[in-house]
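Trainee: I would like to go through the ligand site and ask how each label is earned.
Mentor: Go ahead; here is the entry.

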Amino acid sequence: MGKKLLRVLAGKHEAVPPVWLMRQAGRYLPEYRAIRERAGGFLDLCLNPELAAEVTLQPVRRFGFDAAILFSDILVVPLALGRKVEFLVGEGPKLEPLADGEGLAALRDNLDERVVAPVYETVRSVKALLGSKTTLIGFCGAPWTVATYMVAGQGTSDQAPARRFAHYDADNFQRLIDRLVQASTEYLTGQFRAGAEVVQVFDTWAGVLSPDQFDRWCILPMQKIVEGVRKEVPGAKIIGFPRGATAMTLPYVEMTGVSAIGIDWTFPRMIARETLQQRVPVQGNVDPLALLAGGTALDREVDDVMKELGGGPLIFNLGHGILPETPIVNVERMLKRVRG
Ligand code: CP3
C-alpha cells in the first residue's frame, strides 16, 4: 500500500490524487479555535509540542487528508535567530525591524534550542500518532519571504521595505539571505531527523521581484537549501512554493532541483501541464476563494484542476492557504468531488 503522496513524489500518477491543504490546521476549524484559546498566544501554541501535535492532527482526523503538515509558523526561524516576534490578535505578525548591518550583527550564530527543540518534538509526536497512509510534511519559509517580514517588521502589500534594502545595500541583504539559507537548511534537516518525510518551502512573496532579483533572492538561495539538506538527508523530498512566480516558475524548477512544484491559482493549468509537470509533480491550485464560495463555482474549479493536471503526477491542494471564513461543508464537498 504505502503512502499516496510519497508515490506521487516518486513520479507516479494516481487516478485519485493525494490531497492536503495549505493552512489546513487553523481558524476555520472549531476544534482549532478551542485549543488556540487554551494555549495563550499563537507562539505559545507553536512551541507547545502536545498542543501543536494535536492541532496538526485535527484536520487529518476530520477530513482524512493524505498529509499532515507540522503546525508551526515560518516566523519561528527569526525567533530562533534571536529576533523579537509577536503575533497580535487580528493584526498578524510584528517583529523588531532589521534595517542595517547592526541588526544583522545581532543575529545568533546558531538556532536557539529553546525554539527549535519543541518544534522537533512536535514532529516526533505527530509521526508516532500518524496512520500508515498519511505523510508528515515539515516546512519553513524561503529566505526571501522570511527576510521581507524581518526587514519590514510586519507584512506589507508589496514588501517594498525588503526590496528597497536589497537595492540600496545588496551586500548586507545578501548576508541576511545567506544567514537564512544556513538557518533553513539546519532547521529542515532537524525536521527530517525528527521524522518529517517531506518538507515544503513557502516563498509567499516570490511574486514581487523582477526576474534578476528573483534569480538572486529566490532561485539561488533555494538551490543552496536543496543541496544542503540533501547532503545531510540524501534524496530528501522538497516541495517548492514560489507564489506568483509566473514565467520564472520553470527556471525555478530547473535550477533549484525541487522534488515538486506548488503553483498558485493564477498559474495557467495547461501551461503547468505542458512545462512543469513534464519535469516534476505539480501541487495545486484551487483558488481559496472558490473554496470559500462553494457550490458550482467550486465544482468547476475542482473539475478544471483534475482535467488539466489530473492526467499526470498531481498533489491536489489550494493555490494558497485556506481562508478562516471557509465553511467546513465546502471542504467536504471538494474532497468528495476529488475522490469520487
Ligand atoms: O498549514 C498549516 O496548517 C500549518 C501551519 C502554518 C501556519 N503558518 C499557521 C498559522 C503554516 C504552514 C504557516 C506558514 C506561513 N506563516 C506563511 C507562508 C504561507 C502563507 O500562508 O503565505 C506566512 C507568510 C506566515 C506568516 C504569518 N503567520 C502571517 C502573515 C500570519 C497572520 C495572518 C493570519 O493568517 O492570521 C500568521 C499567523 C498564523 N500562522 C495563523 C496560523 C494558524 C493564525 C494565527 C491564529 O491562529 O491566531
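Mentor: In this predicted model, the shell around the ligand holds 13 nonpolar, five polar and four charged residues.
Trainee: What makes a residue part of that shell?
Mentor: A heavy atom within 4 Å of the ligand is required. The ligand is surrounded by 22 residues, and R23, Y32, D73, T204 and H320 are the closest.
Trainee: How do you know that D73 makes a polar contact with the ligand?
Mentor: The cut-off is 3.5 Å between N or O atoms. A polar side-chain atom of D73 is 2.7 Å from a ligand nitrogen, so the pair qualifies.
Trainee: What are the distances for R27 and H320?
Mentor: A side-chain N or O atom of R27 lies 2.8 Å from a ligand oxygen. For H320, the distance from such a side-chain atom to a ligand oxygen is 2.6 Å. Both values are within 3.5 Å, so both pairs are polar contacts.
Trainee: How much of the ligand does the protein bury?
Mentor: The protein buries 88% of the 870 Å² that the ligand exposes when taken alone.
Trainee: Which space does the ligand take?
Mentor: The ligand takes the largest pocket. To sit there, more than half of its atoms must lie within 2 Å of the pocket's grid points. Elements giving two or more residues to the shell are α2 and β3.
Trainee: What lines the largest pocket, and how much space lies in it?
Mentor: The space is about 1,200 Å³. The lining has 38 residues, with R23, R27, F42, D73 and F87 nearest the centre. By class, 24 are nonpolar, eight polar and six charged.

How values were computed
Residues are numbered from 1 along each chain as its sequence is written. This is a predicted model: local features need pLDDT of at least 70, side-chain atom pairs count only at pLDDT 80 or more; totals for chains, interfaces and linings use all residues. Side-chain values use heavy atoms; hydrogens and water are left out. On a 1 Å grid over the protein atoms alone, a cavity is a set of points where a 1.4 Å probe fits but cannot get out, and a pocket is an open set with protein on both sides within 12 Å along at least five of seven lines; lining residues have an atom within 4 Å of a point. Grid points are joined across faces, edges and corners, and a volume is the space filled by probe spheres set on the points. Ala, Val, Leu, Ile, Met, Phe, Trp, Tyr, Cys and Pro count as nonpolar, Asp, Glu, Lys and Arg as charged, and the others, Gly among them, as polar. A polar contact is a pair of N or O atoms within 3.5 Å; within protein, one must be able to donate a hydrogen and the other to accept it, and residues adjacent in sequence count only if both atoms are side-chain atoms. Accessible areas come from the Shrake-Rupley method with a 1.4 Å probe; for residues, only the protein chains shown count as cover. Helices (H or I, at least four residues) and strands (E, at least two) are DSSP runs, numbered from the N terminus.
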